[in-house]
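Hello,

Here is the structure I said I would pass on. Please look it over alongside the notes below.

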Amino acid sequence: MSDREYVLDTTYVTTFDYLGDGNLCRLTIDPGFRYDGASVPRLLWSISGIRPDGLNRAASLVHDYIYVNKGHIHFKQVELCWHGEWCSGQNIQISRSRCDRIFLEQLKEAGVKWVPRNLAYTAVRAAGWFLWMQKKRK
């Protein structure tokens, strides 16, 4: 949409360990979701190696989606894997700290190098509370 905001134009599906204990979650994000990618000031792009697009875009999408919903993920958006079977019909809650950890894990899976990946993680841990505390989007 702009250099500071994206609109998801297709359904995005991702799988991650949502509790940090091996329990997998398959999250579906519907088209139309607006997100800003990695919220890094342009001045820091070359210094940090982190840009709002590129390898980190998918991880930023998932992170923004969980933040916007304050970790409350509706059962229609999620399936959980229990004993190798995917099941739906359950809302889940993801803490802010776990959300940030999922972001770090997805950055690693995307091939983001150690330094920019950990800078991004440190930034969301340090400043993410402000966005988490904002009113949930409807």
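**Cores and sheet**

In this predicted model, the largest nonpolar core is made up of 22 residues, and Phe16 and Ile94 have the most contacts inside it. Strand S3 (24–29), helix H2 (57–68), strand S6 (78–82) and helix H3 (96–110) each contribute at least two residues to this core. H2 gives the largest share, five residues. There is also a second, separate core of six residues, among them Ala59, Leu107, Val112 and Ala120. In soluble globular proteins, nonpolar side chains tend to be buried together.

What does Phe16 touch, leaving aside its neighbours within four places in sequence? Phe16 is in contact with Asn23, Leu24, Cys25, Leu27, Val62, Ile66, Ile94, Ile102 and Gln106.

As for the sheet, four strands make up an open sheet with antiparallel pairing, in the order S2-S3-S6-S7. Strand S2 (12–17) and strand S7 (85–88) are at the edges; each has a single partner strand, so one side of each has no neighbour in the sheet. On average, neighbouring strands of this sheet are turned by 25° against each other, direction ignored.

S6 and S7 run antiparallel and are joined by four bridges. Glu79 stands opposite Ser88 in S7.

Helix H2, which supplies five residues of the largest core, lies across S2 and S3 and runs at about 80° to S2.

Regards

Note on methods: Residues numbered from 1 in each chain as written. Predicted model: local features only at pLDDT ≥ 70, side-chain atom pairs only at ≥ 80, totals over all residues. Heavy atoms only, no water. Core = buried A, V, L, I, M, F, W, Y, C linked by side-chain atoms within 4.5 Å. Buried < 20%, exposed > 50% of the residue type's maximum accessible area, 1.4 Å probe, protein only. Contact = heavy atoms within 4.5 Å. Pairing = 2+ DSSP bridges. Axes fitted to C-alpha atoms, helices over the stretch in contact; angles between N-to-C directions.
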